[in-house]
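Open the model in your viewer and keep the sequence panel in sight. The stops below say what to select and what is there.

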Amino acid sequence: MILAGIALTLCALWYFENKRRRTHSVQAGLQGDTELPHEQEFELYHNALSLCSMKSRLCLAELEIPYKSHPVDLIETGCYENIRSPFLRVNPAGTVPVLVHNGHPIYESHEQIRYAAEHVPVSSPTLVPHSPLLREEMEYWIDRSSIIGDPINHESESAGNAVPGQTFPLFITMIERISFWKILEGLLFHFDKRRPLMFLAFKLLGLNVLRKSRPLSAIFTQSRAQMHNHFDALEAKLQQTGGPWILGDTFSLADVSWLAIYERLRQLNALHVFAGREERPACAQYWDNLEMRPSYQEAIRAHSHPIVVHGTQRLCDAKAGSPALRELLEG
Ligand SMILES: N[C@@H](CCC(=O)N[C@@H](CS)C(=O)NCC(=O)O)C(=O)O
């Protein structure tokens, strides 16, 4: 009787808390009707690891736009802060990054970089070419590196969508530092239960999960094949323009977007897999050019997170100690 009472109370608590944290999808772009508390013209809610957050930070750094920074934890970097009420007031969809301009949120990182590039003072550097033809090409390469829709799907359309599957090994080594209790919050309240379930499997099985779980290993292998296709296309484009940037001489939003992808591959110790000097020399040279940008220091290296550093190091060590694992991860 007492136990039944406790169970009923817990269920009621869960029900009301879950209701409070209910998420819903949001329209991409500027939300002119939504007004959030703010102190600065530009504010950014972001996470150190998140690919899309890296992209928005890079863009703001390139445009020399000062902003108030609001770091938001995801489970990989500590806890599910993104599904708690304070952040859900900023983005009812529960995802980062969110750029806020004069109190109005802009959702979806590819929209944020386009918006920021269009709303900078005339004295700021320009990241959008004047020529309509180049502009069209830039749009194509932004789309080909963005996360569109379900992050673990459509990998053939965009390198951005191939990133989450390729990031499994890093998620696995990072989640070593996170307790089971933290994942439980996601199992109870996350809007997409696949994510906490996946992290639970990563925590329980470690890197072996990529051998033991057929569905997860299929996502990993498929995203790697698709990522190779995207890098083949990038290699061809860079060979055609002769670099140093995707559009040739003009550094643009397309490069901002691809820099975030390259940084993720660096964190995964997988740059040599996709942008090896022998297989894809133009892609390798492109990385040399990208990492020299001051924005790379400012927006990426200065935001380096200890759990990401740990994850990358663990991954390098694990591969160095096991040729079989290296083969499994690198193909
Ligand atoms: N298409 C969105 C993707 C946003 C997204 O999925 N963000 C991830 C991090 S890259 C996130 O917030 N995930 C929350 C979670 O996994 O709980 C964008 O480009 O901003």
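**Stop 1: Tyr262 and its ring partners**

Select Tyr262, which at 0% relative accessibility counts as buried. This is a predicted model.

Add Trp287 to the selection. The ring centres of Tyr262 and Trp287 lie 5.7 Å apart and the planes are at 10°, so this pair is stacked. The two residues come from distant parts of the chain: Tyr262 belongs to helix α12 and Trp287 to helix α14, 25 residues apart. Trp287 has 9% relative accessibility and therefore counts as buried, the cut-off being under 20%.

Now look at the wider set of rings. The program's count for the model comes to 15 aromatic pairs. One of them joins Tyr262 to Tyr286: the centres are 5.5 Å apart and the planes stand at 80°, so the pair is edge-to-face. This pair also links distant parts of the chain, with Tyr262 in helix α12 (residues 253–267) and Tyr286 in helix α14 (residues 281–290), 24 residues apart. Tyr286 is buried too, with a relative accessible area of 1%.

Which residues do ring pairs link into a cluster? Select Tyr140, Trp141, Phe231, Trp258, Tyr262, Phe274, Tyr286, Trp287 and Tyr296 to show it.

**Stop 2: helices α5 and α12**

Stay with α12 and colour helix α5 (residues 132–143) as well; the two axes come within 8 Å and cross at roughly 15°. An angle under 35 degrees counts as roughly parallel, so α5 and α12 are described that way. The crossing of α5 past α12 is left-handed. To see the contact, show side chains for Met138, Trp141 and Ile142 on α5, and for Leu253, Ala254, Ser257 and Trp258 on α12. Trp141 and Trp258 were also selected in the ring cluster.

**Stop 3: Ser156 in the loop**

Move along the chain to Ser156, in the loop between α5 and α6 (159–166). Is Ser156 buried, exposed or partly exposed? With a relative accessible area of 45%, Ser156 is partly exposed. Leaving out neighbours within four places in sequence, the contacts of Ser156 are Gln226 and His230. For a distance check, draw a line from the C-alpha of Ser156 to that of Leu207: the two are 25 Å apart in space and 51 residues apart in sequence.

**Stop 4: helices α6 and α11**

Select α6 together with helix α11 (residues 214–241); their axes come within 8 Å and cross at roughly 145°. This crossing is left-handed. On the α6 side the contact is made by Ala159, Ala162, Val163, Gly165 and Gln166, and on the α11 side by Ile219, Phe220, Ser223, Arg224, Met227 and His230. His230 is also one of the residues in contact with Ser156.

**Stop 5: helix α7**

Next, select helix α7 (residues 168–175). Eight of its eight residues are buried, so α7 is largely enclosed by the rest of the structure. The buried residues are Phe168, Pro169, Leu170, Phe171, Ile172, Thr173, Met174 and Ile175.

**Stop 6: charges over rings**

Finish with two side-chain pairs. Select Lys203 and Phe180: the charged end of Lys203 sits over the Phe180 ring, 5.4 Å from its centre. Then select Arg293 and Phe251, where the charged end of Arg293 sits over the ring of Phe251, 3.6 Å from its centre.

Key: Residues numbered from 1 in each chain as written. Predicted model: local features only at pLDDT ≥ 70, side-chain atom pairs only at ≥ 80, totals over all residues. Heavy atoms only, no water. Phe/Tyr/Trp six-rings, centres within 6.5 Å; stacked < 30°, edge-to-face > 60°. Helix = DSSP H or I, 4+ residues; strand = E, 2+ residues; numbered from the N terminus. Buried < 20%, exposed > 50% of the residue type's maximum accessible area, 1.4 Å probe, protein only. Lys NZ or Arg CZ within 6 Å of the ring centre and 35° of its normal. Axes fitted to C-alpha atoms, helices over the stretch in contact; angles between N-to-C directions. Parallel < 35°, antiparallel > 145°, perpendicular 65-115°, else oblique. Left-handed = near helix turned anticlockwise from the far one by under 90°. Contact = heavy atoms within 4.5 Å.
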